[in-house]
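This report describes the arrangement of sheets, helices and ligand surroundings in one molecular structure. Please consult the sequence and coordinates shown below alongside the text.

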Amino acid sequence: MDTIRVGVVGLGQGRSHLRAFQFLEGSRVVAVCDQNQPLAARVAQEMEVERVYTDIGDLLADREVDLVVVATPDHLHGPHAIQSLEAGKHVLSEIPMATTLDECKRIVALTDRTGLKYQMGNQVRYAFCLRDAQRLIVGGDLGEIFYGEGEYLHDMADIVSHRKADHWRIHPQTPQTTLLGGGPHAIDTLRWLMGVRFVEAQAYHAQQQSPWQTTHTTVAIFKADNGGVAKVTVSYGMVRPYCLYYGVYGSQGSFERSRDQGGATQETTNYFYHSKLAGASRMIPVTVPNWNNPQIARRHALGHGTMEIEQAQRFLAAIREDREPDIGPREAARSIAAGICALQSAQQGGGIVAIPTFD
Ligand SMILES: NC(=O)c1ccc[n+]([C@@H]2O[C@H](COP(=O)([O-])OP(=O)(O)OC[C@H]3O[C@@H](n4cnc5c(N)ncnc54)[C@H](O)[C@@H]3O)[C@@H](O)[C@H]2O)c1
């Protein structure tokens, strides 16, 4: 296949993906789209992109676009991914895949029917600090996994305090939810680390008011298909530095990430314990680069370090080699359905909700 031609819709976080595809050999960003015309024109000029659209329909009619990056507000990802697949484009979508089970099912069915590639972009699966741990855990080093914890702790005041009242993240009709906003970074990454699917969800929202329209803290419990249990906490209101925490516990050992993490380019500490160390009074600390892959030149690091670059590279390879993307439609749907079902549980006061399997 010749160069894969990319169009990016939504030019906030979309700019990170734009730079990633522009940086990589074998792809070229040929079009950008944002309903904010001055923003779209400015980004196109700065990033030397040929064509500018304000309506996704016009971008999708562009025959020179092979792959669409969907980076619009959360509630538009499902409709925009469906429209893009229907127009014959491959899709890399920001989290969440969609905000309804029906949209998730339609995306799975469309990729089955068309053979087009879809990936949900949870770049945290490409965080350098997690790759060795995941290989070790899924390779069986910690034995049978029976418990996991995932946390997305992000005081969103920095993101929402300067927004106008009608911004989608805080708009009463489209508020960003905990488990589908930052939540996929906790749920999808934890599922990947544990090597399981979640089959039942139960959750509670903290009832206190937040300064904006979103529920600020949710705790969810998931039953896993291997008989294990997982706990996920997502908080936009915790007064602490940003943190993506994971802990995984097996019959032979344990893995815990530090909660004191630093930024993308800093180092972080992971902790391991194994039954072979029986009696040792401390976990074994392993200091590793945090988000950035040190093999990718620092000058190319984007907003989230080098994670979007590796994600884009892997997705391009999946298209070229006609293989399942790392977070393909079913894998994405299993994580997002877990979030949707847990939100349903929290909204109804905490009952058990079965999660569809997407087999
Ligand atoms: N993976 C991550 O770590 C990460 C980080 C930040 C944001 N995100 C996700 O990226 C998405 C965008 O978030 P953001 O912070 O960039 O928001 P944003 O509000 O800054 O940007 C969204 C852009 O989409 C444009 N837009 C809205 N509706 C549109 C439409 N119908 N057609 C074309 N353009 C449209 C808006 O004009 C805006 O420029 C969200 O889903 C968010 O959750 C993910």
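How many bridges join strand 8 to strand 9, and do these strands run parallel or antiparallel? Strand 8 (residues 198-205) and strand 9 (residues 217-224) run antiparallel and are joined by 7 bridges. The model discussed here is a predicted one.

## The mixed sheet

Within the pairing of strands 8 and 9, Phe198 stands opposite Ala224 of strand 9, and His205 has Thr218 of strand 9 as its bridge partner. Strand 8 also pairs with strand 15 (residues 353-354), in the antiparallel sense and over 2 bridges. Here Ala201 has Val353 of strand 15 as its bridge partner.

These strands belong to an open sheet of 9 strands with mixed pairing, in the order 14-13-12-11-7-10-9-8-15. Strand 14 (284-289) and strand 15 form its edges, each pairing on one side only. Helix 6 (residues 128-138) packs on this sheet and touches strands 7, 11, 12, 13 and 14; the direction of helix 6 makes about 130 degrees with that of strand 14. Helix 8 (residues 183-194) also packs on the sheet, where it touches strands 7, 8, 9, 10 and 11. The direction of helix 8 makes about 155 degrees with that of strand 7.

## The parallel sheet

Another open sheet consists of 6 strands in the order 3-2-1-4-5-6, with parallel pairing. Its edge strands are strand 3 (51-53) and strand 6 (118-121), each of which pairs on one side only. On average, neighbouring strands of this sheet are turned by 25 degrees against each other, direction ignored.

Strand 5 (residues 90-94) and strand 6 run parallel and are joined by 4 bridges; Glu94 stands opposite Gly121 in strand 6. Helix 2 (residues 37-47) lies across strand 2 (27-33) and strand 3, and runs at about 160 degrees to strand 2.

## Ligand surroundings

There are 21 residues around the ligand, of which Gly10, Gly12, Gln13, Asn36 and Glu94 come nearest. By character, the residues of this shell divide into 9 nonpolar, 9 polar and 3 charged. Glu94 thus appears both among the nearest residues to the ligand and opposite Gly121 in strand 6.

## Helix 10

Helix 10 (residues 329-347) comprises 19 residues and reaches 26 Å from its first C-alpha to its last, close to the 27 Å expected at 1.5 Å a residue. The helix is mostly covered, with 16 of its 19 residues buried. Just after helix 10, Gly349 takes a positive phi of about 90 degrees.

Key. Residues are numbered from 1 along each chain as its sequence is written. This is a predicted model: local features need pLDDT of at least 70, side-chain atom pairs count only at pLDDT 80 or more; totals for chains, interfaces and linings use all residues. A residue is near a molecule or strand if its C-beta atom, placed from the backbone, lies within 6 Å of it. Ala, Val, Leu, Ile, Met, Phe, Trp, Tyr, Cys and Pro count as nonpolar, Asp, Glu, Lys and Arg as charged, and the others, Gly among them, as polar. The expected span of a helix is 1.5 Å times one less than its number of residues. A residue is buried if 20 or more other C-beta atoms lie within 10 Å of its own, exposed if 12 or fewer, and partly exposed in between; C-beta atoms are placed from the backbone. Two strands pair if DSSP finds at least two bridges between them. Axes are lines fitted to C-alpha atoms, for helices over the stretch in contact, and angles run from 0 to 180 degrees between N-to-C directions. Two residues are in contact if their C-beta atoms, placed from the backbone, lie within 7 Å.
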